[in-house]
Amino acid sequence: MKPYYWESQHGNFGDDLNLWLWDFLLPGFRDVHDDILLVGVGTVLNRALLPDGVRKLVIGSGFGYGTLPDMRDAAEWDLRCVRGPLTAEKIGLAPERGIVDPAVMVADMPEFQNLPKLYKRSFIPHWESAIAGMWPVTCGTVGLHYIDPRGEAKGVIREIAQSEFIVAESMHGAILADAFRVPWVAVTTSDSINSFKWNDWAKTVGVEYRPRHVPVSSRTEAMIKGARFWGMGFEAQTVPEAANLRPADDEVMVAAREPRQTFLRSAAKQVLAAPSTLALWQATRAAPQLSSDSRLAERKERFQHALAAVRRAYF
């Protein structure tokens with residue numbers, strides 16, 4: 001089998017963990033049925049993403065974008081379970097087939113056990129926020145450890161596990177925090193956030209998606225998201241040059257072009273990001289959420305039963 005995942009040009013740990021998670025959950029899966037796609041973690045049940053004419057084994061994926069594929073052909077689709085009850089309803093499956101996001105199983109991997117706590121509070125934004133926001137600087141101002149969701153997946157996950165409190169705009173940031181028993185608060189910088197996928201997962205572990213609003217931190221971020229920044233509205237658009245930059249790279253480029261203005265420009269950006277800084281600080285003072293130990297354990301046990309059924313059928 002081959003693991004399918006959405007590969008972004010910038011990197012996104014919640015998708016990239018498909019590259020190694022299934023070797024832990026289904027050892028040897030790569031050596032059997034090389035004509036089958038294993039469709040696992042991610043909001044990838046989308047007609048535009050998944051190829052036709054290929055058999056697909058769906059274990060824990062979710063719907064949330066675009067149009068659902070036609071999944072009526074049993075010869076092409078083996079739907080074992082999906083991310084949550086909302087996806088199950090969309091597809092026409094029984095609610096109990098919406099078990100949980102498979103990313104919760106990462107916490108059972110030996111390499112992530114008993115990690116020391118290194119960070120009091122951490123913030124992990126959505127990847128769109130990371131590519132153009134001032135979040136590393138903003139986090140430094142309010143004493144938050146910044147976790148870049150575009151980083152190497154295992155490194156990102158360790159930083160989540162080694163935190164004592166997580167502020168998450170990234171859905172998988174919250175999912176992994178919950179899996180590692182780290183209290184978390186959800187935030188959003190965009191009114192167009194996809195709440196369907198958040199609620200799909202939240203219902204499985206008995207929490208609520210009630211994000212706190214945090215304003216965008218830069219003009220470029222506002223342009224990408226179609227948000228307002230200091231009273232100026234923008235229509236959502238692609239900013240190719242921003243998509244390939246991290247905040248640190250942007251500062252380096254500014255310094256190269258205008259060395260005498262770098263300090264003033266940096267200071268001005270921090271002033272303009274003040275509303276974001278305040279809202280992020282307030283999020284660190286909000287009451288966090290955490291699913292109950294028993295509810296999470298029950299969902300993981302059900303997911304293990306689904307994996308056992310896959311082993312019997314394919315191995």
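**Close-up views of the predicted model**

**View 1. Trp W201 and its aromatic partner W184.** W201 is buried, with a relative accessible area of 1%. The structure shown here and in the views that follow is a predicted model. Counting rings of Phe, Tyr and Trp whose centres lie within 6.5 Å, the model holds nine aromatic pairs. In one of them, the rings of W184 and W201 have centres 5.7 Å apart and planes at 45°, so this pair is classed as tilted. The contact joins distant parts of the chain: W184 belongs to strand β8 (residues 184–188) and W201 to helix α8 (residues 195–205), with the two positions 17 residues apart in numbering. W184 is likewise buried, because its relative accessible area is 1% and the limit for a buried residue is under 20%.

**View 2. The stacked pair of W198 and Y209.** W198 and Y209 form an aromatic pair whose ring centres lie 4.4 Å apart. With 20° between the planes, the pair formed by W198 and Y209 is stacked. It also links distant parts of the chain, since W198 lies in helix α8 and Y209 in the loop between α8 and β9 (212–213), 11 residues apart. Both W198 and Y209 are buried. Together with W184 and W201, these two residues make up one aromatic cluster.

**View 3. Two charged side chains over aromatic rings.** The charged end of R121 is placed over the ring of F165, at 6.0 Å from the ring centre. In a second arrangement of this kind, K154 lies over the face of W20, and the distance to the ring centre is 5.0 Å.

**View 4. K154 and its salt bridge to E111.** The side chain of K154 also meets that of E111 in a salt bridge, with 3.2 Å from N to O. This pair connects distant parts of the chain: K154 is in helix α6 (residues 153–161), whereas E111 is in the loop between α3 (85–91) and β5 (122–124), 43 residues apart. E111 is partly exposed, with a relative accessible area of 34%.

**View 5. Strands β3 and β4 side by side.** Strand β3 (residues 55–61) pairs with β4 in the parallel sense, over five bridges. Within this pairing, L57 stands opposite D78 of β4. Five of the six residues of β4 (residues 77–82) are buried, so this strand is largely enclosed by the rest of the structure. In a regular strand, side chains alternate between the two faces of the sheet.

**View 6. Salt bridges around β3 and β4.** The structure holds 16 salt bridges. One of them joins K56 to E76, with the closest N and O atoms 2.9 Å apart. Here too the pair links distant parts of the chain, with K56 in strand β3 and E76 in the loop between β3 and β4, 20 residues apart. K56 and E76 are both buried. R55, D78 and R80 are linked in a network of salt bridges; D78 is the residue that stands opposite L57.

**View 7. The salt bridge between D23 and R30.** The side chains of D23 and R30 meet in a salt bridge, at 2.8 Å from N to O. D23 has a relative accessible area of 32% and is therefore partly exposed. R30 is also counted as partly exposed, at 39% relative accessibility. By contrast, the salt-bridge partners K56 and E76 of the preceding view are buried.

Notes:
Residues numbered from 1 in each chain as written. Predicted model: local features only at pLDDT ≥ 70, side-chain atom pairs only at ≥ 80, totals over all residues. Heavy atoms only, no water. Phe/Tyr/Trp six-rings, centres within 6.5 Å; stacked < 30°, edge-to-face > 60°. Helix = DSSP H or I, 4+ residues; strand = E, 2+ residues; numbered from the N terminus. Buried < 20%, exposed > 50% of the residue type's maximum accessible area, 1.4 Å probe, protein only. Lys NZ or Arg CZ within 6 Å of the ring centre and 35° of its normal. Pairing = 2+ DSSP bridges. Salt bridge = Lys/Arg side-chain N within 4 Å of Asp/Glu carboxyl O.
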